[in-house]
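Subject: Structure for you to look at

Dear colleague,

I am handing over the structure we spoke about, and I would be glad if you could open it and keep it beside you while you read. My notes on what was found in it follow below.

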Amino acid sequence: MSQPQEPVYPGSLPPRPPQYPTGPTRPEAPVPPPPPAGARIHPGPDAPLYPGAPPAAPVHPGSSTSAHQDIPAPRTPPAHPASGPARPALPPPPPPPPPPQPFAPDNLDYQNAPGRRVHYQAHQRGADATALSRLALLLPGFLMSLLVVLLAATTLEALTGFPYWLPTLAWVASGALVFHRPTEDFFARRLLKLHRPSPQDMVRLAPVWREVTARAGVDGNRYELWIEESRELNAYAAAGHIVGVTRFALTNLPSAHLAAVLAHELGHHTGGHAWSSLLGYWYSLPGRVAWRVIRTVVVFSVTFASYFSCLFTGGLLLFIGVLTLASVTSLYGLPLVLLAIPYLMAAVGRRAELRADQHAAALGFAPMLVEVLHTMEQTEVQARYQLTAAQGAPPAQPGTLARLLSTHPDFQTRLHHLQPYLQGGR
């Protein structure tokens, strides 16, 4: 319930609020009188001057205490000792990692830098004299393989009634698979044992490849880059669009040297060496298979006949000789030409390597390619010394026939053909 209010009469003052008792009030401190004029200002209120005491230190301009101050400077409270052992100082935080820098190849002057225009050639690939020579040497092997395919198709027609011309036509048209991308992918993975480069590999490989193709005026996107997990210094140009490089070359070669190797392989593609080589291999395959089968049958027959009688063996050899002579005569000596084809193809292969070296040198990679060839030569010599130490005797040197069947020229020949580019003659 509310309390009844007192009545207010006219002319009376309003009632005062009730006063509550409070505690004793603290008397105000007396204000000290100002010092007389000319008196010295002491550094603090508790430091009076005594007779004989040294005068106070003078106050310099710019210090925290001025000679015209009337209020003493506040004292710094004393530092109390911390309870317990002192905490060890925390180590400074590690600096932030630097931002990732773009790939900067060493010893390689970029011509496809941002802002520079890249000009593509109208005809980016073709067939030079080396590729045309290989195609000409392919003709006898192609005819022998065609004969083998016709014999097999005729036999199939006699057994099943299937028309012989259909498998023959399919075999002739199968050469177009050299430029078929899924077929190239199968060829690279299954036969060459290559794999696609990872994103980390592309960070290393793609800028160098773009520089090589920019200098050559070639669209690098037309080709496929592949990696071989090998500890050898090597690279590949195969089929119509395969450019492969080993893991050793990708990891250990400087960028300029890697560019020289890739420019060499690009020269095989632009000159038509890669596709003509694979085309020759494919179209000569039935003839080679038939030759191996015939040789195996002849060797087995002669070996088997030698267990019974020398007369029987001589008769068998005579029969094989007559059959071979009849075949050579009926085919106008074509089998004899096939005996020289491997040596001629090897000579064309050596010429193709020199052409690819010249292609890389014309793009400005002659000094880098020379250093790569020196590295390959030293690696080969070191491997020969290791083999000599393991066997206790030097390995046998390749004979004349082995050198004639080699598809790569020796290092001294390649260095000799690169000398005009090093001396500025071209």
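To begin with a single residue, E377 is in contact with F411 and Q412, once its neighbours within four places in sequence are left aside. Please keep in mind throughout that this is a predicted model. E377 belongs to helix α10, and because its relative accessibility is 24%, this residue counts as partly exposed. A further residue to find in the same view is D410, which is 33 residues from E377 along the chain, with 9.2 Å between the two C-alpha atoms.

E353 is also found in helix α10, which covers residues 334-391. Is E353 buried or exposed? Its relative accessibility is 9%, and the cut-off for a buried residue is under 20%, so E353 counts as buried. If we again set aside the neighbours within four places in sequence, the residues in contact with E353 are H264, H268, T407, H408, P409 and R414. E265 is separated from E353 by 88 residues in sequence, while the distance from C-alpha to C-alpha is 9.3 Å in space.

The sheet

Turning to the strands, you will find an open sheet made of 3 strands, in the order β1-β3-β2 and with mixed pairing. β1 and β2 are the edge strands, since each of them pairs on one side only. On average, and with direction ignored, neighbouring strands of this sheet are turned by 20° against each other.

The mixed pairing can be followed strand by strand. β1 (residues 224-228) and β3 run parallel and are joined by 5 bridges, and here E224 stands opposite I242 of β3. β2 (residues 235-238) and β3, on the other hand, run antiparallel and are joined by 4 bridges; in this pairing Y236 has G244 as its bridge partner in β3, and A235 has V245. β2 and β3 also form a hairpin, with 3 residues between the two strands, and in its turn A239 has a positive phi of about 55°.

How many residues of β3 are buried? The count is 5 of the 5 residues in this strand, which spans residues 242-246, and β3 is accordingly described as mostly covered. In a regular strand, side chains alternate between the two faces of the sheet. When you look along β3, you can see I242, G244 and T246 pointing one way and V243 and V245 pointing the other way, and all of these residues are buried. As for β1, 4 of its 5 residues are buried, so this strand is largely enclosed by the rest of the structure.

A helix also lies over these strands: α6 lies across β2 and β3, and its direction runs at about 20° to β2.

Helices in contact

The same helix, α6 (residues 255-270), also meets α4 (residues 199-216), and the axes of these two helices come within 9 Å and cross at roughly 55°. An angle of roughly 55° falls outside the ranges for roughly parallel, roughly antiparallel and roughly perpendicular, and α4 and α6 are therefore oblique to each other. The crossing in which α4 passes α6 is right-handed. On the α4 side the contact is made by R204, L205, V208, W209, V212, T213 and A216, and on the α6 side by S255, L258, A259, L262, A263 and L266. Sorted by class, this contact has 10 nonpolar, 2 polar and 1 charged residues.

A second pair to examine is α1 (residues 129-160) with α7 (residues 273-283), whose axes come within 9 Å and cross at roughly 10°. How are α1 and α7 oriented to each other? Angles under 35 degrees count as roughly parallel, and α1 and α7 are therefore roughly parallel to each other. In this contact T130, A131, R134, L135, L138, G141, F142 and S145 of α1 meet H273, W275, S276, S277, L279, G280 and Y283 of α7. By class, the contact between α1 and α7 has 7 nonpolar, 7 polar and 1 charged residues.

With best wishes,
A colleague

Definitions and conventions: Residues numbered from 1 in each chain as written. Predicted model: local features only at pLDDT ≥ 70, side-chain atom pairs only at ≥ 80, totals over all residues. Heavy atoms only, no water. Axes fitted to C-alpha atoms, helices over the stretch in contact; angles between N-to-C directions. Parallel < 35°, antiparallel > 145°, perpendicular 65-115°, else oblique. Left-handed = near helix turned anticlockwise from the far one by under 90°. Contact = heavy atoms within 4.5 Å. Nonpolar A, V, L, I, M, F, W, Y, C, P; charged D, E, K, R; others polar. Buried < 20%, exposed > 50% of the residue type's maximum accessible area, 1.4 Å probe, protein only. Pairing = 2+ DSSP bridges.
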